[in-house]
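Visitor: I'm new to this one. Can you put it up and walk me through it?

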Amino acid sequence: MTHQETDTIIALSSGHGRSGIAVVRVSGPKSDKILKQLTHFRLPAPRKAATRWLHDSDGVRFDEALILRFSAPNSFTGEDCAEIHCHGSPAIVEAILIEATRLKKVRLAERGEFSRRAFENGKLDLLQAEGIADLIDANSIAQMKQAARFVGGDASERIETWRKIILEASAFLAASIDFSDEGDVGEDAHAPVVGLIDELVSEFNAALTDAKSASRIRDGLRIAILGKPNAGKSTLINALAKRDAAIVSDIPGTTRDVLETHIVLNGVPVTVADTAGLRLTEDPIEAEGVKRARRWAEDADIRIFLTRADDDIGDRPTELGPNDIWVISQADRADGELFPNDVDLSLAVATGQGMDTLESILLQKVVGLTSSEEAPTVVRLRHIESLNESLSALQRAKALLMEIGDVDLAAFELSIARTSLDQILGHVDVEDILGEVFSGFCVGK
């Protein structure tokens, strides 16, 4: 029996520092004993809140708190649990932790250990556990809503439905294998399997497409501002950030590294990068900055390329794609000059000309890059990899049935497809990834 199964764990579950209220969380067989040691009084019934004075080891009262009990298995972790809602003084929290850990087999919780116990006790699957971590880390409304759907089990239910379809297909093949010599099963007994596989392949491809949008919500979008030196990149990033994020100077090459700032568009976190001016230079530091600018831009979701109105405008930059924007900057210097038709907009940050239009265009592109008709089923890299493995196995199974009629190998491929889905949910041995998943949690969750 592991220490996780026998130890009782305790931790501050709310934020660190001073606050009006702090929540200390307990899980394990000695949860009630900890409350009795602290309160010196009878405990309330499970799920009934009660106020109790907390005492130190000398019997001296040090805070009046609200306490709650949750009996196994009807708790977050599936174990006996307790919560202590005390005043948010670091000294009070420390006193509670000290008094609780005086008991044998009571220790401070590790990162994510409450959620890991909930997973190990079948209270939630791995997708839901990861959703909790994303919900805690959410910095935008869009991230919060997406994470809440994972916690609520929307994605898990869809994957469970896929598993059942694979099991149904496997049952057809099993009938073909077990009874083919009895004359009760026709030669085309595996034909329904192909239809089920086609259905799943279509849904898997749609889910992988939606994963791109979902990943952008979870990880945020990247916008690179590019252009020659003095094209107005730093001025523009300051205008978008609505603060002085970058140094603005008339001296070419002022920006020599990638400067990132963070904004929110349509509830989606966006990292905007001011980059070094794109030009050939013998200055090794500036040259490195240009190299980093191009590398950052390659991974960006949107590129804004600035060309000064009083510069040689020429043709649309070839590196721009469908989600990128060509902007004529410092348009107030052009004295009414006409710009090429394929310019997306002209801009004069100093006067505000074109800023509303730019922000509207960016908003439309963010919506386009992050919206999908269906709620996401996969979002993390491990989800995508496992779903791709399941998809490949299904395609191999179909090929085996259609091309050579090998029912045994097709059934084996279906089992691989199902196991890959089980890995997403954590229903199979995933010990090698559990440490990575739960280490990303805060202590107390």
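Guide: Keep in mind that this is a predicted model. A good place to start is the largest nonpolar core, which has 36 residues. Trp162, Phe204, Leu387, Leu394, Leu414 and Leu421 touch the most other members of that core.

Visitor: Which helices each supply at least two residues of this core?

Guide: These are α7 (154–179), α8 (191–219), α12 (381–404) and α13 (407–425).

Visitor: And where does the largest share come from?

Guide: From α8, with 11 residues of this core.

Visitor: Pick one residue there. What does Leu394 touch?

Guide: Leaving out residues up to four places away in sequence, Leu394 touches Ile166, Ile197, Leu200, Val201, Phe204, Leu414 and Ala417. There is also a second, separate core of 28 residues, and Leu240, Val270, Ile302 and Leu345 are among them.

Visitor: Why would side chains like that be found together?

Guide: In soluble globular proteins, nonpolar side chains tend to be buried together.

Visitor: Okay, new topic. How do helix α5 and helix α6 cross?

Guide: The axes of α5 (residues 126–137) and α6 (residues 141–151) cross at roughly 155 degrees and come within 7 Å. Because of that angle, α5 is roughly antiparallel to α6; the cut-off for that word is over 145 degrees.

Visitor: Is the crossing left-handed or right-handed?

Guide: The crossing of α5 and α6 is left-handed.

Visitor: Which residues make the contact?

Guide: On α5 they are Leu127, Gln128, Gly131, Ile132, Asp134 and Leu135. On α6 they are Met144, Ala147, Ala148, Phe150 and Val151.

Visitor: How many of those are nonpolar, polar or charged?

Guide: In the contact of α5 with α6, eight are nonpolar, two are polar and one is charged.

Visitor: Let's move to Pro229. Where does Pro229 lie?

Guide: Pro229 sits in the loop between β7 (221–227) and α9 (233–241).

Visitor: Buried or exposed?

Guide: Pro229 has a relative accessible area of 18%. The cut-off for buried is under 20%, so Pro229 counts as buried.

Visitor: How far apart are Pro229 and Arg308?

Guide: In sequence, 79 residues separate Pro229 and Arg308. In space, they are 9.7 Å apart, C-alpha to C-alpha.

Visitor: Now the whole chain. How many helices and strands are there?

Guide: The chain has 14 helices and 12 strands. Of its 445 residues, 48% are buried.

Visitor: What about contacts between residues at least 6 apart in sequence?

Guide: Among those contacts, 61% join residues at least 24 apart.

How values were computed
Residues are numbered from 1 along each chain as its sequence is written. This is a predicted model: local features need pLDDT of at least 70, side-chain atom pairs count only at pLDDT 80 or more; totals for chains, interfaces and linings use all residues. Side-chain values use heavy atoms; hydrogens and water are left out. A nonpolar core is a set of buried Ala, Val, Leu, Ile, Met, Phe, Trp, Tyr and Cys residues joined through side-chain atoms within 4.5 Å. Buried means under 20% relative accessible area, exposed over 50%, partly exposed in between (1.4 Å probe, protein chains only). Helices (H or I, at least four residues) and strands (E, at least two) are DSSP runs, numbered from the N terminus. Contact means heavy atoms within 4.5 Å. Axes are lines fitted to C-alpha atoms, for helices over the stretch in contact, and angles run from 0 to 180 degrees between N-to-C directions. Angles under 35 degrees count as roughly parallel, over 145 as roughly antiparallel, 65 to 115 as roughly perpendicular and the rest as oblique. A crossing is left-handed if the near helix is turned anticlockwise from the far one by less than a right angle, and right-handed if clockwise. Ala, Val, Leu, Ile, Met, Phe, Trp, Tyr, Cys and Pro count as nonpolar, Asp, Glu, Lys and Arg as charged, and the others, Gly among them, as polar.
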